[in-house]
Every structure is written in C-alpha cells, then in structure tokens.
Number of protein chains: 2
Amino acid sequence: MIPSKNLTEHEIVALDGACNVSDGHARQPLTAGQQAIIDHLPELFREAKGVPLRRVEHEAHEAFFQALGQRAAPVCSGRILTTYSSSVAIDILGRCLAGTGATVALIHPTFDNIPDLLRSRGIRLIPFEEEAVVEGRLPAHLGLGDCVYATTPNNPTGQTLDAEQLSTMGLACRDRGCILALDTSFRGFDSRAQFDFYELLDDLGVDYVVIEDTGKVWPTLELKLGFMACSHTLDLPLQKAYTDVLLSASPVIMCLVREFSLDAAAGGFAELQKLIATNRHQLCQIVADSGITDADVGSRVSVARLRLPEQNATDIMGRLTKRDVHVLACGPLFWAEPAAGEQFVRVALARSPDTVDTAAHALRSAVVQAAQAA
Amino acid sequence: MIPSKNLTEHEIVALDGACNVSDGHARQPLTAGQQAIIDHLPELFREAKGVPLRRVEHEAHEAFFQALGQRAAPVCSGRILTTYSSSVAIDILGRCLAGTGATVALIHPTFDNIPDLLRSRGIRLIPFEEEAVVEGRLPAHLGLGDCVYATTPNNPTGQTLDAEQLSTMGLACRDRGCILALDTSFRGFDSRAQFDFYELLDDLGVDYVVIEDTGKVWPTLELKLGFMACSHTLDLPLQKAYTDVLLSASPVIMCLVREFSLDAAAGGFAELQKLIATNRHQLCQIVADSGITDADVGSRVSVARLRLPEQNATDIMGRLTKRDVHVLACGPLFWAEPAAGEQFVRVALARSPDTVDTAAHALRSAVVQAAQAA
C-alpha cells in the first residue's frame, strides 16, 4: 500500500512526536557558538532596524555564499532574491516556467513537494533518473526554453554532482538551450558540493537558477531564508513573481544568517558534518543485524535512506508511528514511481545522537517484528 | 502614463529611501512594551525550542484572535493554517480555487498583488466595486463553487464592512453556493472591524476563508505570520497546498506574536490607533491648502488615499522619488481600470510622525510645483 498523504503531511504528525526523525529540517542542539548568537537576538533586531535593508541583505549573501565556497555568486548584482524559504523560491521559479510553457526534467527520486509545486503550476514533468543526471544525459525531447531541475546533494540519496559532472550537465543544457535549475539546500553538509558553482556555470555561459537554503543546516526554529540566484542572461520574470509574494524577507533573519554563516565558516560546518557522520554511523551500526542496509554509502546529507529487507516501508512506518517514533516511507520521494520507494525508509540525522539512537533501536525492532509477523 | 511596475516593485525602491511612506508594512517605532518583548527574544527562542509546536501555535492563535475580538475563531480545531505571510495564504487559496475552476469576484480597488497572485493561478477575475461590496450585490453570473474575495478594512480606502453588511454578503454567498474569502489584514487598526466574524459566518452557514495577518500592525521587521481560517464545511484542499509550501511557520515568531497580541489587547492597539489617527490628521492638515483632499474620510487604516487636484499621480510620485520621498501612485490598486487611480496617491501612516510630516511637506510642494509647471 502506498501512502496517500504527501511527505510533509506525515512530517506534521511527527512534529510533536516523542521521537521525530521524519522531517529534514535541522533539529540538532545549538552549538555554544550558535547559542551565543541567539543570545544576541535583541542586538541583531536593533541593528536590522537601524541600517539599510540592502546592506544587511548583502552582508547575509556575502557571508552565506562565502561559507559555502561560492565566491563568484552574484552578490550585490541584484541577481539574488531572498525568500522566506527554498519552497517559496521553487514556486516562484515554477510560476515563471509555466509562463513560458517549459517542460521540466526533474531529478528522480527527490522530495515530493518539488514535483507537487511544479505540477500545481501546470508544468509537464519528465522524470530524470539520478544515473542519467550524473552522466548529463538529458531526456531526448528536451529543447529550447525547457528546464532541467536537479537537487545536489540530492534528498534523500545524497548523490552529489562533482565539478566535472556539473560541467557536463551545464554544457548539455547550454547546447539544447535549456535552463539549468539547481537546488543546493543540502550542500552545507557535503564539502564535495562546495566548489564554486557560479564560476563554473558563468564560464560555460549556461542559463541557470540556483536555489539555496539556510533551513536545512542550522537549528534556528524556522528562522531561515531561501535564496534564488540566476545567470545574468536568464530571461524569466523572477523579480515580478517574487514581488507578488513578498516585499522583503526579514532583516533580522538576514543578520542571523550572516552570523551563523560566519560561525559556520569558522568551524561550524566542520562540527555539523562530524555530527551527521557520527549519527549516520551509529544508525547503520544499530540496525545492521536486522538486515537493514545503508542505501547510499558515501552520502553525507542530513537524511539517511535505508534499504529494508522487505518492500514494506509503509508498514514499518505505521508500526513506528504507533510507538511515537516517526520516519518516512520513501514512496512519495519516488514521485514518478512510488512503488519503487517501498523498499526504503528515510531517517533524519540532523538531530541529537540520543534521538537517532532511539529511532535506530525502534526501527530495528519494528523490522524484526514485521519479519516475525510475516 | 500608467506605471508598468507593480506596486511592490515601487515599494522595493523605497525600502532604503530617506523618506519611505510607500509600503503598508508597519514601520512606526516600537512602544516601550513592544521593546521589552523584543529584549526577551532569546527567552522566546528557548521556550519555542522546549515546548510542543502545537502548543505555541495554539497560544499564538488564541492571543491574536482574542485581541481582535474574534472569540469564535476555530482555535485548536485544525482549521487555522499558519503561514509565513498573508500573501502566501492568498496564493494557497488561489491554487485551490484554480483547481475547482472557480471564478473570483474581487473587490475593486485593492492592492495589486491579490489580483496578480490569483491570475497567476489562471483564475478568472471579475471586479467587484466597493459600493456593490458594502451592499452585498454579487455579480450576476457568480454561481456554485465561485468565490467572493473582499478585503475589509480595504487597502487603500479603509472601507470596512459592518456586521449587517457582512451578514448580507454572507447570506448572498450562501444562497449562491459561493465561498466568501475575507482578507482582514488591516483590522487591527479599526475597532469597527473587530466584531466576531467567525460567530457571524458560522451562524449563517456560509463557506468561508478568512486571511489574517500580523505584518501590517506591528513593527517586527517582517517577523510575522499569516493565518488562514476556514469554515468546517469548506471543501478545498488547503492543507495539501499548504504542505507543499511549508511544514510549519517559526515557533519563535509564534511566541512573539502571542506576546505582541497580549500587549495589544492590554492597550497596544489603542495606542497604535491613536498614532495612526494623529498621523492621518497631520498629513491632511499639511497638504490641505494645495488642493489635496482625504479621499476616504473616516478611514482608520494605516494608509491614506489622497485625492490630487489633477490626474497626475504618476508624475507626482516621480517628482517625489527624485527627492528620495516615496509614495505610491494608485493606478495599480485600481487593478481592473488603472486610469481611475491616477487621481490618487497612497501615503503610509504606520510611521513615526516625523516621517509623515516630511512626506506631507514634500507632497504638498510637489503638487504646487506640478501645477506651476502645467
């Protein structure tokens, strides 16, 4: 049985659960450095009130993109829009692509709100399998004005395009006259995704939109921003669609993002990556003897996709929900072929080690019980 | 000449202007009570981190709706969705209405992002003149499943439906099988809009969506929430569309909204209304001898629509922009007939008295100079 809810509806149920490893938002404890920033929120508010919005916005862009190795990002050019979240950015992009009648080749699998948001705009989607994405093999019928949408690192697999692969993809898009849309929300977890995308894409001369996100990496309780950066030749009315939704994001959150970015560049990202690696290792160790395996060895993102011994992810998710432990069955992530996701559950890793430990033991036990019941 | 930008694009230019009375966001100084809440942001963050999300969300709803007299609002029923902003709520509603093929009779004039967001979903709009709105005279061809969308108090006119008028409108919608959508973002400024909408609409048995907003009343630098409350019989997939955009709004902002609501109920709204009345009076006094008049005597909202002696609002706006003073020419507010807006400029009043004073003198001077140049 494939769940009829979307993933976020399941995640909402988990929000106040005893053990929530459902959503991919950052819920690990604040580090000492981050807590010190939070303790200064009143000062950040005062600063945000007193200086020009453009200044704090540029400072947030500068600090965030620098921390992620994106030195050629178009800071101060007017080509970075700051939104409430990456989902709002995706919807703005979708609206603009719908206006041109573009077909979108969308990476498969990926989080289901991306296909849902794009489809809600009436856009025709073609599934673009991960194996084809890394090789830059565009679907045959994609042409001028169409769009390739890839999440890198991908959610839930962690698959990450290296510079050569991104270059191959960019060239293929340029040669077909396609727009390359990249969702890099998870790149803070993986240094292999922190080579300079903007320099590479600008050199190729491909039209691009890159959607970045602060919400997946820092546990700021949804005080977050999405960014949408585009090439200077891109001919989509992003700014017009943006201004229908918002005048500006909060300058207080811009100041917060600047401070978290500086902290991340000064060691915060390394600390975060270590936490995720520890949690991933611990999770895989605990569940190993129940026949559960890591489906994406080498992944560094803040979610782990686990392969179950049976194709019963929905059943396992249901058993865990009864114990107030919340994971995601991966059906909806395989948005073009949900049955393919029944072999997998997704476990969030941006949590305290204790939470991951509890979830791992419960998952192991549920899989053993399901096998006995079968 | 009618401006080709939308209103928000003009407002963005004004954001860092020397004198910005362009956008309708709250930019007045914090009161002492509000500053004390801001000073406790770290404690609010800690609280938001430590308690269930549903609890702080319900507390925010309870405090906000109570402060505005909405005692029968469906708090704790699952029928209030909390969004990043009212615009995100409007877009979610638009997506759902597009899915049913509804026609929307939209109040005219009103802020242009409402028609733009709805049209971007492919919805057919019928202008619904304010005079017809107050009389509850629905357009003839509106029928089952269609929607009436009214902003009350309206932006920019301040027109506010009283209980009898809302009842007439609600009955008309019920009898035609139409959904009544109300945007009440400005009701904090006008006690005449604070009778209990939910009790009245529930008693009528009309299907409704009410969009509320914290962003217009409190100067929290875009730390704000939108709310979308609906009748229990409403058959639109709002929750599904919502979850494509967000998992939840920030619990920190929920705590902030709860505290600002309690402060507002304890005198903060009265203080705010006094400030707006003072600013409106001062503005009208200063510009009176140049032939500019208040177009909406009796309005209490945080924007003033002023009638110019000539139909030259775009010219006047341009003259003021050169002096780094930013008002809005009202063309785009008359979304179905932009030429009708050329007689009016809109001046924001949720500002310090000094800012309004500066703007008023500049406006007066620009109108006098334009008359001399003609």
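**Close-up 1. Arg121(B) meets Asp91(A) across the interface in a salt bridge.** In this predicted model, the closest N and O atoms of Arg121(B) and Asp91(A) lie 3.5 Å apart. This pair counts as a salt bridge because the rule asks for a side-chain nitrogen of Lys or Arg within 4 Å of a carboxyl oxygen of Asp or Glu. Across the interface of chain B and chain A, the rule finds six salt bridges. If you also tally polar contacts between chain B and chain A, you will arrive at 20 residue pairs, with both residues at pLDDT 80 or more.

**Close-up 2. Helices of chain B supply residues to the side that touches chain A.** Which helix gives the most to that side of chain B? H3(B) does, with six residues. Helix H3 covers 41-50 of chain B. Each of the following also supplies at least two residues: helix H1 (7-14), helix H2 (32-38), helix H4 (53-67), helix H5 (86-100), helix H6 (113-120), helix H10 (238-245) and helix H11 (251-287) of chain B.

**Close-up 3. The contact between chain B and chain A buries about 4,600 Å².** Carbon and sulfur atoms give 63% of that area. In residue terms, 55 residues of chain B are in contact with 56 residues of chain A. Which residues of chain B lose the most area to chain A? They are Phe45(B), Leu221(B) and Leu247(B), and together they make up 17% of what that side buries.

**Close-up 4. A turn of 180° lays chain B on chain A.** The superposition gives an RMSD of 0.0 Å, and the shift along the axis is 0.0 Å. The two copies are therefore related as by a two-fold rotation axis. Leu41(B) is the residue of chain B that comes closest to this axis, with its C-alpha at 3.1 Å. Both copies use the same surface: 100% of the contact residues of chain B recur in chain A.

**Close-up 5. Chain A holds an open sheet of seven strands.** Follow the strands in the order S2-S8-S7-S6-S5-S3-S4 and you will find mixed pairing. Strand S2 (80-83) and strand S4 (124-129) of chain A are the edge strands, each pairing on one side only. From one strand to the next, the twist averages 20°. S2(A) and strand S8 (residues 226-230) of chain A run antiparallel and are joined by four bridges. Within this pairing, Leu81(A) stands opposite Met228(A) in S8(A). Helix H9 (residues 197-204) of chain A packs on the sheet, where it touches strand S6 (179-183), strand S7 (208-213) and S8 of chain A. The direction of H9 makes about 170° with that of S7(A).

**Close-up 6. Two helices pack on the sheet of chain B, H4(B) and H5(B).** Here too, seven strands form an open, mixed sheet in the order S2-S8-S7-S6-S5-S3-S4. Strand S3 (residues 103-108) and strand S5 (residues 147-151) of chain B pair in the parallel sense over three bridges. Cys147(B), in S5(B), is the bridge partner of Val104(B). H4(B) touches S2, strand S7 (208-213) and strand S8 (226-230) of chain B, and its direction makes about 100° with that of S2(B). H5(B) touches S2, S3, S5, strand S6 (179-183), S7 and S8 of chain B, and its direction makes about 160° with that of S7(B).

Terms used: Residues numbered from 1 in each chain as written. Chains lettered and ligands numbered in written order. Predicted model: local features only at pLDDT ≥ 70, side-chain atom pairs only at ≥ 80, totals over all residues. Heavy atoms only, no water. Pairing = 2+ DSSP bridges. Axes fitted to C-alpha atoms, helices over the stretch in contact; angles between N-to-C directions. Contact = heavy atoms within 4.5 Å. Least-squares fit on C-alpha atoms with pLDDT ≥ 70 in both. Buried area = accessible area lost by both parts, 1.4 Å probe. Polar contact = N/O pair within 3.5 Å; in protein donor to acceptor, adjacent residues only side chain to side chain.
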